[in-house]
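Please examine the sequence and the three-dimensional model together. The paragraphs below are meant to be read with both in view.

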Amino acid sequence: MARDIPLANGTLLVGFDRSYQIRDLFYPTIGGENHAVNFPSRFGVWVDGEFSWVGEGWELALDYQDDTLVTRVTARHAGLGLVLECQDAVDFHENAYIRRITLFNQRQARREVRLFFHHDFRISGNDIGDTALYDPRLRCVIHYKRQRYFLANLSVRGMAGVEQFATGVKAYDGYEGTWRDAEDGVLGGNPIAQGSVDSTIGGSLWLEPGGQGECYYWIAAGQSHREVRILNQLIMEKTPGLLLSRTAAYWSLWTRCAESGDKSDLSPACHRLYRRSLLIIRSHMDNNGAVVAAVDSETLQWGRDTYSYLWPRDGARVAYALDRAGYFELTKRFFFFCREIIREEGYFLHKYNPDGSLASSWHPWVKEGQPQIPIQEDETALVIWALWHHYAGFRNTEFIKILYRPLIMRAAEFMVMYRDPETGLPLPSYDLWEERQGILTFTTGAVHGGLRAAAAFARAFGEVERADHYDAVAAEIRKGMDTYLWQEKSGRFARMVSPLADGSFDVDLTVDASLFGCFAFGAYNPADPKVVKTMQAVADTLQIRTPVGGVARYQGDRYHAVEPASAGVPGNPWFICTLWLAQHWIAMATTLDELAPARELLEWVAAHALPSGVLAEQIHPRTGLPLSVSPLTWSHGEYVIAYLDYTRKFLGFTACPECGRPH
């Protein structure tokens, strides 16, 4: 299920599925230890002798309060005669998740309502050796294992402490868990359990006829009993309501720092999605600088792995988006992170855990009996390309000085060395889709952009000969693109060429949205006829010809495919690829009218986001429902880039020629 409303503060992240169940809980690193790993923690209601877990049978609307990371959730159950309005947040400063539930009695009778909150923690990602206990001094339930503690508590009518509790065994020896114990409205009160355990807590309140009531629920995360005890006390003293309101105020202030584009002709939905995208990106950034691709652990069902990693490429594009929006202090952490993880030889490997350690990979270190470097070279190049744009925008020289030799020069020297002496092109590496190996137009364009950026840095630091050398190598790469990647007969760039034993090349002419890389990083002008023809082929071949629309990755894409590839549906629609086409049309536009096709694509993205503003990786070509992970940080990053490209161009076309201000 898609994660509609992730909440985070850079240390603690809570993710919900579309049934409003907690499915992901990361702490103390975003994308690191997941203490829920897609197992649901339920929320239930007992009234008039009937019980229901929120989800099936409920009418749910999951959204955020505007420009915040505080939710606005409505749950209606006609059969129970109840409406619940909930606000959730992870406090912007403290490692606490808080929920306020306002209950509305739809019946003209006084009624007792009991609320139940279930916890299926798998601490540190597994259910071995966990403990769940009721603490009578604090009147709450605590789960712990080693240095991970989670305290769950309630406040009803201003009184903190749970009224009912149960701890027990789950998913072992036929036991389903304490959530079953709740379904008669009364919990058994077992005070402690160890091993594979869960817990449920409950509280009750009376609602007058047509009246309403309020309850607060929270989870405090810490690394010791003392830490969660102190945090629990802080929540009670400050009150959970105050923590919710201050968190809403903080994120509202945070979004106001972004560059505004509201004066363009884009719809309010597009403007809202821009601000929402910035917030989603922030929720997926660990405070140490790692940009996590996605925290949707539902992907564990396919291959037992996740997207909870940093890919340097994705991170670079997201950092570029944040810098464009004005959040340069945030991106500095990312670039420092890159300085720490780059290898001594000057390249990044496939992907990394958010703590900087090397992540899982399927790229081999040996091929056909010969050693190889298992890299996607665009990842190395785009970090340097993005860093130059960061510096050009903010001129924070003291910061760049720290990165110049260990990151910039190290990567630049590798890009210079890792080339074919005959063609001048980069040696084969894995493509950005991680499916094939060769000399790719996208990667080659990225390396060209990375070397031009390195040359600009070297020149800024007075190393003129080094700068000239990097520029000369970039020129050789550009010449190689003309000679080997441009295909005159086809009238466009090849996706990839692969060297053969006889010195010739196998040419892959598959139309791929990543051909965007021929101009995106400066190798060619976007109006160059070669670029125009190539991107027109992308538009003609990869647009989805169903009512859903959008742009596929490439012809015949089978990743999460829902039907055989065809001319009308070459693959599933991807937000990233749709936004790349929009970015080219924006770059090409010389009049206001020429912006119209790009505006249509931006409006398409906004129309196909979830109601909360979350963008998945891809969507179903027939239903428009999310496929693969949701949200995908990179999708939101590309939206921010395209949105700012559009608004700046629009304002340039509509500015007063005398004062420069928009009409």
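The account that follows moves from enclosed space to individual residues and then to aromatic rings. The model is a predicted one, and the values quoted are computed from its atoms.

We begin with the interior. Rolling a probe the size of a water molecule over the atoms shows where empty space is left. A search of the whole structure yields one cavity of 30 Å³ or more. The largest cavity holds about 50 Å³ of space. Its lining is formed by Tyr-20, Ile-22, Ser-41, Arg-42, Phe-43, Arg-99, Phe-117, His-118 and Tyr-217. Sorted by class, this lining comprises five nonpolar, two polar and two charged residues.

Attention now turns to Asp-135, which is located in strand S11, a strand covering residues 130-135. Is Asp-135 buried or exposed? Its relative accessibility is 3%, and because the cut-off for burial is under 20%, Asp-135 counts as buried. A polar atom of the Asp-135 side chain lies 2.9 Å from the backbone nitrogen of Arg-137. Once neighbours within four places in sequence are set aside, Asp-135 is in contact with Cys-140, Ile-142 and His-225. Asp-135 and Gln-555 are 420 residues apart along the chain, and their C-alpha atoms are separated by 59 Å.

Two serines come next. Ser-260 occupies the loop between helix H3 (240-256) and helix H4 (268-283). Its side chain reaches the backbone nitrogen of Asp-262 at 3.3 Å. From Ser-260 to Tyr-274, 14 residues apart along the chain, the C-alpha separation is 9.2 Å.

The second serine, Ser-628, is placed in the loop between strand S28 (626-627) and H15. Ser-628 has a relative accessible area of 14% and is therefore buried. Which residues does Ser-628 touch, when those up to four places away in sequence are not counted? They are Asp-296, Tyr-307, Tyr-559, His-560, Glu-617 and Gln-618. With two of these residues, the side chain of Ser-628 makes polar contacts through their side chains: with Tyr-307 at 3.4 Å, and with Glu-617 at 2.7 Å.

The final topic is the aromatic rings. How many aromatic pairs does the structure hold? There are 46. In one of them, the rings of Phe-51 and Phe-116 have centres 5.8 Å apart and planes at 55 degrees, so this pair is tilted. The pair joins distant parts of the chain, since Phe-51 belongs to strand S5 (residues 50-53) and Phe-116 to strand S10 (residues 111-119), 65 residues apart. Both Phe-51 and Phe-116 are buried.

A further pair, Tyr-646 with Phe-650, is stacked, with 6.3 Å from centre to centre and 15 degrees between the planes. Both residues lie in helix H15 (residues 633-654), where they are four residues apart, about one turn of the helix. Tyr-646 and Phe-650 are likewise buried. Helix H15 has already appeared above, as one boundary of the loop that contains Ser-628.

Ring pairs also build up a cluster. Its members are Tyr-320, Trp-385, Trp-433, Phe-442, Phe-516, Phe-519, Phe-521, Trp-574, Trp-580 and Trp-634.

Conventions: Residues numbered from 1 in each chain as written. Predicted model: local features only at pLDDT ≥ 70, side-chain atom pairs only at ≥ 80, totals over all residues. Heavy atoms only, no water. 1 Å grid on protein atoms, 1.4 Å probe; cavity = no way out; pocket = protein on both sides within 12 Å on 5 of 7 lines; lining within 4 Å. Points joined across faces, edges and corners; volume = space filled by probe spheres on them. Nonpolar A, V, L, I, M, F, W, Y, C, P; charged D, E, K, R; others polar. Buried < 20%, exposed > 50% of the residue type's maximum accessible area, 1.4 Å probe, protein only. Contact = heavy atoms within 4.5 Å. Polar contact = N/O pair within 3.5 Å; in protein donor to acceptor, adjacent residues only side chain to side chain. Phe/Tyr/Trp six-rings, centres within 6.5 Å; stacked < 30°, edge-to-face > 60°.
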